[in-house]
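Good morning, colleagues. Today I would like to introduce a protein structure that may be new to many of you. Please take a moment to look at the display before we begin.

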Amino acid sequence: MARPKPWEADHELWAVIEGLLPKVERRPRHPVRRRHPDRLVFQGILFVLHTGVAWEHLPQELGFGSGMTCWRRPAEWTEAGVWPRLHQVLLAKLRSVNALDFSRAAVDGSHIRALKGGSKTGRSPVDQGRTGSKHHLITDTIGIPLTATLTGGNRNDVTQLIPLLQAVPPVRGKRGRPRRRPDVVLGDCGYDHDNYRRLVRDLGVKPLITRRGTEHGSGLGTQRRVVERAFAHLHWFRRLRIRWEIRDDIHETFLVGCALIRWRRLNSR
């Protein structure tokens with residue numbers, strides 16, 4: 001039996017996604033023209049995400065529709081709020097099977113080059129001033145992404161600490177109130193600012209952040225490595241290694257890679 005391609009959405013995953021998509025009526029001006037199936041378009045998006053191919057070079061023989069169709073549909077789904085609901089549903093499924101651990105979270109940022117510029121880009125201090133963006137990520141204890149955000153490459157990581165914590169959605173899956181805040185958040189010395197420690201505590205979270213000048217071997221790095229491993233998994237998707245989109249909302253669509261990581265973890269259970 002042939003092994004399924006990574007961009008082929010299985011029936012269980014598609015059942016989750018299909019229930020979140022908006023219902024679109026056939027256009028009265030073009031009653032004969034049929035809308036390309038959402039499932040095939042979604043697989044076209046995953047094909048671009050995995051391979052990094054340009055939209056216009058999407059192979060037509062795969063049946064995913066034109067590159068322009070696969071480029072337009074994510075904007076439609078973003079406007080309908082599909083992606084945040086997908087992230088919430090998958091996080092709730094993970095929590096329901098005790099595969100999500102809020103006792104400790106880790107944060108970090110990773111720079112990517114933005115070759116065409118656009119919004120949420122800036123001159124990077126770590127890439128010889130080239131234009132770039134940053135992915136900011138917060139994971140649970142074992143490295144499952146809780147949320148990810150996009151900023152310009154010139155933004156300091158610490159400025160995104162509070163927005164990341166606030167962006168974690170309320171996660172259901174168990175009786176009682178939804179869980180939203182981790183007990184502890186871990187960060188490297190780039191987050192070493194006492195003002196932000198106070199803001200983190202105000203959210204009811206204990207900050208464990210490395211002090212500048214601290215020698216290696218303190219043990220905090222071994223606990224933080226889960227977020228670095230999550231970045232390795234996220235940037236395994238070629239379209240997330242380099243930003244080619246001028247529109248930030250189209251690039252943020254590819255952060256659906258976080259949902260794919262969660263789905264794989266759920267299936268491994």
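I shall describe the overall fold, then the surface and charges, and finally the cysteines.

Please note at the outset that this is a predicted model.

Let us begin with the fold. The secondary structure of the protein consists of nine helices and seven strands. With 269 residues, the globule rule gives a radius of gyration of 18 Å, and the value for this protein, 20 Å, is close to that, so the protein is as compact as a globular protein of that length. Along the principal axes, the C-alpha atoms occupy a box of roughly 65 × 50 × 40 Å.

How are the contacts distributed along the chain? Among contacts in the protein with a separation of 6 or more, 65% are made by residues 24 or more positions apart.

I turn now to burial and surface. Of the 269 residues, 47% count as buried. The protein exposes about 14300 Å², and carbon and sulfur atoms contribute 49% of that area.

As for charge, there are 48 positive side chains and 26 negative ones. The centres of these two sets lie 2 Å apart.

Finally, the cysteines. How many disulfides does the count give? The count comes to zero. Two residues may be singled out here. C70 has a relative accessible area of 0% and is therefore buried. C258 is likewise buried, at a relative accessible area of 2%. For both residues, the cut-off applied is under 20% relative accessible area.

Thank you for your attention.

How values were computed: Residues numbered from 1 in each chain as written. Predicted model: local features only at pLDDT ≥ 70, side-chain atom pairs only at ≥ 80, totals over all residues. Heavy atoms only, no water. Helix = DSSP H or I, 4+ residues; strand = E, 2+ residues; numbered from the N terminus. Rg over C-alpha atoms; globule rule 2.2 N^0.38 Å. Buried < 20%, exposed > 50% of the residue type's maximum accessible area, 1.4 Å probe, protein only. Contact = heavy atoms within 4.5 Å. Areas by Shrake-Rupley, 256 points an atom, 1.4 Å probe, with all protein chains shown as cover. Lys, Arg positive; Asp, Glu negative; His and termini not counted. Charge placed at Lys NZ, Arg CZ, Asp CG, Glu CD. Disulfide = S-S within 2.5 Å.
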